[in-house]
Amino acid sequence: MRKVNIGLTDEQRKGVCELLNQDLADVYLLLIKTKKYHWDVIGPQFRTLHELWEEQYTTLTETVDSIAERVRQLGGFPVSTATEFIHLASIQENPEVIPSATDMVSRLIDDHELIIRNLREQVDQCSEEFHDEGTADFLTGLMEQHEEMAWMLRSFIEGEAIAADGVQPGKAVKTPVGTGSR
């Protein structure tokens, strides 16, 4: 195999590839979780969340491919097994639980924000420790994608909540005369 000669040492490229593989594992598990919630969501927010999560898991699928390709560009090999993903990821799975729609959104926000914090540190590490401005820029773009997805999710759960029965908390329910109140 021809030696990679792009102005980074083997050690620098190896260090960057390790960071990218951690990101790949996190994004892949987030993709799985987003798809699971897309399938499992129920309630009055079903259609909205179903469509939002389809958009997001489509973006995450493209992101997974981009990260893997970045690893290859640097001469490394991307992690590609479930065992490797689970071992490297900072995202946690909760396979035994099917949360409410609002809890699903909240858990995805937490995951995106965890990834954002990790990416912030890695941008600095790529630039300062590994002198790889190209990957620092690439990670900044990923961070911005996750910031946008987290914002969309936060926007969904801010404001007045709607209970499963369609009633907004704090709003009086009108009942026909003589039937009592709820």
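Is H131 buried or exposed? In this predicted model, H131 is exposed, with a relative accessible area of 52%, and the legends below place this residue and several others in their surroundings.

**View 1. The whole chain is built from five helices and zero strands.** Read from the N terminus on, the elements of this predicted model follow the order α-α-α-α-α. The chain has 182 residues, and buried residues make up 37% of them. Among the contacts in the chain with a separation of 6 or more, 74% are accounted for by residues 24 or more positions apart.

**View 2. The largest nonpolar core of the chain has 45 residues.** The residues with the most contacts inside this core are L20, L24, L49, W53, L139 and L153. Four helices each give two or more residues to the core, namely α1 (10–40), α2, α4 (101–128) and α5, and the largest share, 11 residues, comes from α1. L153 is one of the residues with the most contacts inside the core, and, when residues up to four places away in sequence are not counted, L153 touches L52, W53, Q56, V105, L108, I109 and H112.

**View 3. The largest pocket holds about 150 Å³ of space.** Eight positions are to be looked for in this view: the pocket is lined by L52, E55, Q56, T59, Q145, E148, M149 and M152. The elements that give two or more residues to this lining are α2 (46–73) and α5 (133–157). By kind, the lining residues divide into three nonpolar, three polar and two charged. Two of the lining residues, L52 and Q56, also appear among the residues that L153 touches, which gives the reader a way to pass from the previous view to this one.

**View 4. R70, in helix α2, makes side-chain polar contacts with Q73 and with T135.** R70 counts as buried because its relative accessible area is 15%, and buried means under 20%. The polar contact between the side chains of R70 and Q73 has a length of 3.1 Å, while the one between the side chains of R70 and T135 has a length of 2.9 Å. With its neighbours within four places in sequence left aside, R70 is in contact with L20, D132, G134, T135 and F138. L20, in this list of contacts, is also one of the residues with the most contacts inside the largest nonpolar core.

**View 5. G134 lies in helix α5 and is in contact with R70.** The two residues are 64 residues apart along the chain, and their C-alpha atoms are separated by 9.9 Å. Whereas R70 is buried, G134 is partly exposed, with a relative accessible area of 38%.

**View 6. H131 lies in the loop between α4 and α5, and D137 lies in helix α5.** The phi angle of H131 is near 55 degrees, which is a positive value in a residue other than glycine. H131 counts as exposed because its relative accessible area is 52%, and exposed means over 50%. D137 is also exposed, with a relative accessible area of 57%. D137 and V123 stand 14 residues apart in sequence, and the distance between them in space, C-alpha to C-alpha, is 7.4 Å.

**View 7. K33, in helix α1, is a buried residue.** The relative accessibility of K33 is 9%, so K33 falls under the 20% that marks a buried residue. Once its neighbours within four places in sequence are left aside, K33 is in contact with I91, Q92, N94, L108 and D111. L108, named here among the contacts of K33, is also touched by L153, and this shared residue links the present view to that of the core.

**View 8. I6 lies in the segment before α1 and touches R13 and L74.** These contacts do not count residues up to four places away in sequence. I6 is partly exposed, with a relative accessible area of 47%. I6 and Q73 are 67 residues apart in sequence, yet in space they are 9.9 Å apart, C-alpha to C-alpha. Q73 is also the residue whose side chain is joined to that of R70 by a polar contact of 3.1 Å, so that this view can be read together with the fourth.

Definitions and conventions. Residues are numbered from 1 along each chain as its sequence is written. This is a predicted model: local features need pLDDT of at least 70, side-chain atom pairs count only at pLDDT 80 or more; totals for chains, interfaces and linings use all residues. Side-chain values use heavy atoms; hydrogens and water are left out. On a 1 Å grid over the protein atoms alone, a cavity is a set of points where a 1.4 Å probe fits but cannot get out, and a pocket is an open set with protein on both sides within 12 Å along at least five of seven lines; lining residues have an atom within 4 Å of a point. Grid points are joined across faces, edges and corners, and a volume is the space filled by probe spheres set on the points. Ala, Val, Leu, Ile, Met, Phe, Trp, Tyr, Cys and Pro count as nonpolar, Asp, Glu, Lys and Arg as charged, and the others, Gly among them, as polar. A nonpolar core is a set of buried Ala, Val, Leu, Ile, Met, Phe, Trp, Tyr and Cys residues joined through side-chain atoms within 4.5 Å. Buried means under 20% relative accessible area, exposed over 50%, partly exposed in between (1.4 Å probe, protein chains only). Contact means heavy atoms within 4.5 Å. A polar contact is a pair of N or O atoms within 3.5 Å; within protein, one must be able to donate a hydrogen and the other to accept it, and residues adjacent in sequence count only if both atoms are side-chain atoms.
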